[in-house]
Amino acid sequence: MTSRHPYSQLLQPLDLGFTTLRNRVLMGSMHTGLEDRQKNFPRLAAYFAERARGEVGLMVTGGFAPNIEGWLFPFASKLTTHGEARAHRQITDAVHAEGGKIALQILHAGRYGYTPISVSASRAKSPITPFAPRELSSRGVERQIRAFARCAALAREAGYDGVEVMGSEGYFINQFLVEHVNKRTDAWGGSFEKRMRLPVEIVSRVREAVGPDFIIVYRLSILDLIPNGQTWDETVQLAIAIEKAGATIINSGIGWHEARIPTIATSVPRAAFAWVTHKLKDHVRVPVCTTNRINDPAVAEQILASGQADMVSMARPLLADADFVKKAREQRADEINTCIACNQACLDHTFKAKTASCLVNPRACHETELNYTPTAKAKRIAVVGAGPAGLAAATVLAERGHAVDLFDAAADIGGQFNMAKRIPGKEEFHETLRYFRRKLELTGVGLHLNTYVDATRLKAGDYDEVLLATGVIPRDPKIPGQNAQQKAGRVLSYIDVLLHKKPVGQRVAVIGAGGIGFDIAEYLVNEDHSPTLDLDAWNREWGVDDPQRSRGGLTRPEIAPPARKVTLLQRKAESLGKRLGKTTGWIHRAQLKMKQVEMIGGVNYESIDERGLFVTFGEKREKPTLIEADTIVLCTGQEPLRELQGPLEAAGVKVHLIGGADVAAELDAKRAINQASRLAATL
Ligand code: FAD
Ligand code: NAP
Ligand code: SF4
């Protein structure tokens, strides 16, 4: 590796003494859902093998419980028997055949277990699970330690190169470290020395069980982000003891799951917590790994080059692109399909007990069944609309060998993503457009921008197939008085605001509180400032502080005043934002609350005039209330745009509808890209 390589630090091998990692990239643990049933292990093997081929330095599996008391939920993944270890061989063999290395994560959920048999330091229920854990006896604690050691030995037997001991995110081990969960008075509770005995004992007994030449990564919570979290001195003391007990690498953990600070969502600034790893680095000699919202090789390189960490953990970015590291090494970083940190197809799926995948890469976790193989019969195919659906379809078709023409009426590719990318906190959406722009070039798609196509042109093109990816049109809520105020510029659509940048007044009523209503409100209260691009501002708004100053890294938030007074409305009599993403909806709600956005549900829209919006409540629709507003923004959902379908079919042209053109209700980019890619894989 020459020092002139742009990612020379990232690609630097890491010598661990008894083994060497080929670079500084650790693929962080992700529960994909494939871990829980052995019948899915062939899929898991293919998934990891693809990432080993993509040259990841060290991969960590999703969590496996060391015993059933440590289960995340009933019958979740565990590694407790020789038989189970044998089944893992197919995974480790597949990874080793590709020259990769893989560690098994040992995850004991403690009181986060969604089971009535969960255990913890004390009988203190977590705020995010319905079951109060059983308090372990001293012998019970011993049993858990033995289970960790046995699980690690089984991992070695299964062919793994190491284990990661999960000591962060608020799971079992964390629960012993803090006084408000660990109220014990025996040898495992009381002073910090006693509270940290559990992890230290676990690591030393795991080391004893696996021998000296086996990787032990310890995931250490460096920032708890909960009230009564660890002090910085305690964190450092623990890290030193963990090193002494035999850990090979210390990985960073950020925030307990019950923390009310976002830690991985797209609105979190890139590499937002690398500075905390940096604080720890000089206290230990083993390599330290930093994590969270690192999705770009240049960011990773900068972290390593500035000495903030020895390794960089990326998890979701390797779902989005299995070849991330290889592309960086080959100086093809512009070809990386970047993780936009949306959580929509990964974490949100996990929380709904669905197999994880990726919004920008539907092949993730589906490597055995979704493949873009070369076509035996090249066709001429037209794709109309270069939004996410059209882009995915066109590039997959062209990659497979078809001759593809892609048309869009707009001056640029991207469709609605050109609005999404303007929302503060959604800057990552630019990356998807950058990726597709490059992919269109690489696959040789004929791109025709500023080209509104009609049925006549398509018929004249004599295509074998036509894909309509023409998207949607905004739904008109037809509120009395709306048209007159629309003409006067007081009623705008979200498109007017985001694309056409029409002027918006100081008092705004947003009609419709779906994803777009929330995004518009976010846009309007922040004006042109995005805390996502300003780490200090983001830390201030969420109350994140130096853990050396504030226990657990939490302080009082300092929130900049909103740029406007915004009222967000919906007809449904339920709390606003209830249907947003499982793992991100609470963040959107919290952000708007910070900016004093008033959220009103259960309304009837009665009329609009120059004073604002009149609404009533309930079935009787009595006594209209005026919501004073200078501007009213309509975010009332969408209808499919498929005006070309009828004339084309009438002329005998083979037409396929994808994305919003197919079904507009509950359309998101995940569905659009998945549907488009799957169709394009079969034509
Ligand atoms: P579109 O993106 O609507 O693209 C259709 C394209 O077809 C357009 O470019 C249009 O110009 C072109 N077209 C139409 N007719 C013709 C014609 N006759 N000739 C030529 N071109 C034509 N989704 C998520 O999953 N996550 C999010 O966080 C998210 N945030 C969003 C935020 C905002 C503000 C908005 C507006 C949308 C957001 N979405 C999000 C929704 C997501 O962008 C859409 O689901 C997705 O863009 C739909 O893709 P599509 O390809 O079906 O259609
Ligand atoms: P949406 O989620 O369907 O929301 C539409 C809103 O309009 C609802 O609040 C609905 O609430 C209201 N509405 C519907 N018909 C109406 C009518 N006739 N009159 C008045 N109000 C009406 O659609 P969207 O907000 O336009 O978003 C489009 C898609 O983009 C969504 O499916 C979403 O998944 C995706 N998106 C996702 C994100 C994300 O962060 N994941 C962000 C933005 C967009 P009531 O019926 O209760 O009034
Ligand atoms: Fe990243 Fe979204 Fe894909 Fe998850 S679904 S890996 S967050 S792009």
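In the predicted model, a polar backbone atom of glycine 514 lies 3.2 Å from an oxygen atom of ligand 2. A second backbone contact involves alanine 513, of which an N or O atom is placed 2.8 Å from an oxygen atom of ligand 2. A side chain also takes part: a polar atom of arginine 475 is found 3.0 Å from a nitrogen atom of the ligand. On its own, ligand 2 exposes 890 Å², and 78% of that area is buried by the protein.

The shell around ligand 2 consists of 21 residues, among which Ala513, Ile516, Arg571, Lys572 and Leu667 come nearest. By class, this shell comprises six nonpolar, eight polar and seven charged residues. Helix α19 supplies three residues, the largest share of the shell around ligand 2.

Helix α19 also contributes to the surroundings of ligand 1, where α13 (388-399), α14 (417-420), α18 (494-498), α19 and α23 (669-682) each provide at least two residues of the shell. In total, 36 residues surround ligand 1, and those that come nearest are Gln344, Asp408, Lys426, Gly660 and Ala669. The composition of this shell is 21 nonpolar, ten polar and five charged residues.

Contacts between N or O atoms of the protein and ligand 1 involve both side-chain and backbone atoms. In the side chain of glutamine 344, an N or O atom lies 2.7 Å from a nitrogen atom of ligand 1. From the backbone, a polar atom of alanine 669 is 2.8 Å from an oxygen atom of the ligand, and an N or O atom of proline 388 is 3.4 Å from an oxygen atom of ligand 1. Of the 990 Å² of accessible area that ligand 1 has on its own, the protein covers 91%.

The helix that contributes to both shells, α19, is also associated with a sheet. Spanning residues 515-526, α19 lies across β19 (507-511), β20 (565-569), β21 and β25, and its direction makes an angle of about 175° with β20. The sheet is open and contains five strands in the order β18-β25-β19-β20-β21, paired in parallel. Its edges are formed by β18 (491-493) and β21 (598-600), each of which pairs on one side only. From one strand to the next, the twist averages 20°.

At one edge of this sheet, β18 runs parallel to β25 (residues 631-634), to which it is joined by three bridges. Within this pair of strands, serine 493 has leucine 634 of β25 as its bridge partner.

A further arrangement of strands is a closed barrel. Eight strands form this barrel in the order β3-β4-β5-β8-β9-β10-β11-β12, with parallel pairing. The twist in the barrel averages 30° from one strand to the next. Six bridges connect strand β9 (residues 215-223) with strand β10 (residues 249-254), again in the parallel sense. In this pairing, serine 221 is positioned opposite glycine 253 of β10. Helix α8 (residues 274-281) packs on the sheet and touches β9, β10 and β11 (288-290). The direction of α8 makes about 170° with that of β11.

Notes. Residues numbered from 1 in each chain as written. Chains lettered and ligands numbered in written order. Predicted model: local features only at pLDDT ≥ 70, side-chain atom pairs only at ≥ 80, totals over all residues. Heavy atoms only, no water. Pairing = 2+ DSSP bridges. Helix = DSSP H or I, 4+ residues; strand = E, 2+ residues; numbered from the N terminus. Axes fitted to C-alpha atoms, helices over the stretch in contact; angles between N-to-C directions. Contact = heavy atoms within 4.5 Å. Near = heavy atom within 4 Å. Polar contact = N/O pair within 3.5 Å; in protein donor to acceptor, adjacent residues only side chain to side chain. Areas by Shrake-Rupley, 256 points an atom, 1.4 Å probe, with all protein chains shown as cover. Nonpolar A, V, L, I, M, F, W, Y, C, P; charged D, E, K, R; others polar.
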